[in-house]
Amino acid sequence: MADVQFMLNNLNIRHNNKGGKNKKEYITNISKAKLEELYDKTFDMILSVFVIDKYLKMKNEIDTLKMK
């Protein structure tokens, strides 16, 4: 989850990282193609977090069932 938060906070998604107090030099100098690639990876990570969370909830139910 920390990686998702990092990406959202530092890739000009949640905060303006191209100027102001949150400016990040690597964001102002990165190519549009590379930034889009990082956006895609961020999206994939977010989806993965949802899938893993759902699995962990199911696993708890399955483990409880195994104990009965």
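Partly exposed residues fall between two limits, under 20% relative accessible area for buried and over 50% for exposed. Keep that range in mind for the close-ups below, which are all taken from a predicted model.

**View 1. Lysine 23 and glutamate 25 pair in a salt bridge.** Their closest N and O atoms are 3.8 Å apart. Glutamate 25 has a relative accessibility of 48%, so it counts as partly exposed. Lysine 23, at 43%, is partly exposed too. The whole structure holds 5 salt bridges, and further examples appear in Views 4 and 5.

**View 2. Asparagine 17 is buried in a loop.** The loop in question runs between helix H1 (2–10) and helix H2 (25–29). Relative accessibility at asparagine 17 is just 1%, hence the label buried. A polar atom of the asparagine 17 side chain sits 3.3 Å from the backbone oxygen of asparagine 9. Leaving aside residues up to four places away in sequence, the contacts of asparagine 17 include Asn10, Leu11, Lys24 and Ile27.

**View 3. Asparagine 10, in helix H1, makes polar contacts through its side chain.** One partner is the backbone oxygen of phenylalanine 6, at 2.9 Å. Another is the side chain of lysine 24, at 3.3 Å. With a relative accessible area of 11%, asparagine 10 is buried. Beyond four places in sequence, asparagine 10 touches Asn17, Lys24, Tyr26 and Ile27.

**View 4. Lys34, Glu37 and Lys41 are linked in a salt-bridge network.** Within this network, look for lysine 41 and glutamate 37, whose side chains meet at 3.4 Å, N to O. These two residues are 4 residues apart in helix H3, so about one helical turn separates them. Lysine 41 is partly exposed at 41% relative accessible area, and glutamate 37 is partly exposed at 33%.

**View 5. Lysine 59 and aspartate 63 form a salt bridge in helix H3.** Here the closest N and O atoms are 3.0 Å apart. A spacing of 4 residues again means about one helical turn between the partners. Both are partly exposed: lysine 59 at 31% and aspartate 63 at 27%.

**View 6. Nonpolar residues gather in a core and in a surface patch.** The largest nonpolar core has 5 residues, namely Met7, Leu11, Ile27, Leu35 and Leu38. Among the contacts of methionine 7 beyond four places in sequence are Leu38 and Met45. On the surface, Ile52, Tyr55, Leu56, Met58 and Ile62 make up a nonpolar patch with about 480 Å² of accessible area together. Methionine 58 belongs to helix H3 (residues 32–67) and is partly exposed, with a relative accessible area of 41%.

Note on methods. Residues numbered from 1 in each chain as written. Predicted model: local features only at pLDDT ≥ 70, side-chain atom pairs only at ≥ 80, totals over all residues. Heavy atoms only, no water. Patch = residues over 30% accessible without salt bridge, like charges linked within 9 Å, V, L, I, M, F, W, Y side chains within 5 Å. Areas by Shrake-Rupley, 256 points an atom, 1.4 Å probe, with all protein chains shown as cover. Buried < 20%, exposed > 50% of the residue type's maximum accessible area, 1.4 Å probe, protein only. Polar contact = N/O pair within 3.5 Å; in protein donor to acceptor, adjacent residues only side chain to side chain. Contact = heavy atoms within 4.5 Å. Core = buried A, V, L, I, M, F, W, Y, C linked by side-chain atoms within 4.5 Å.
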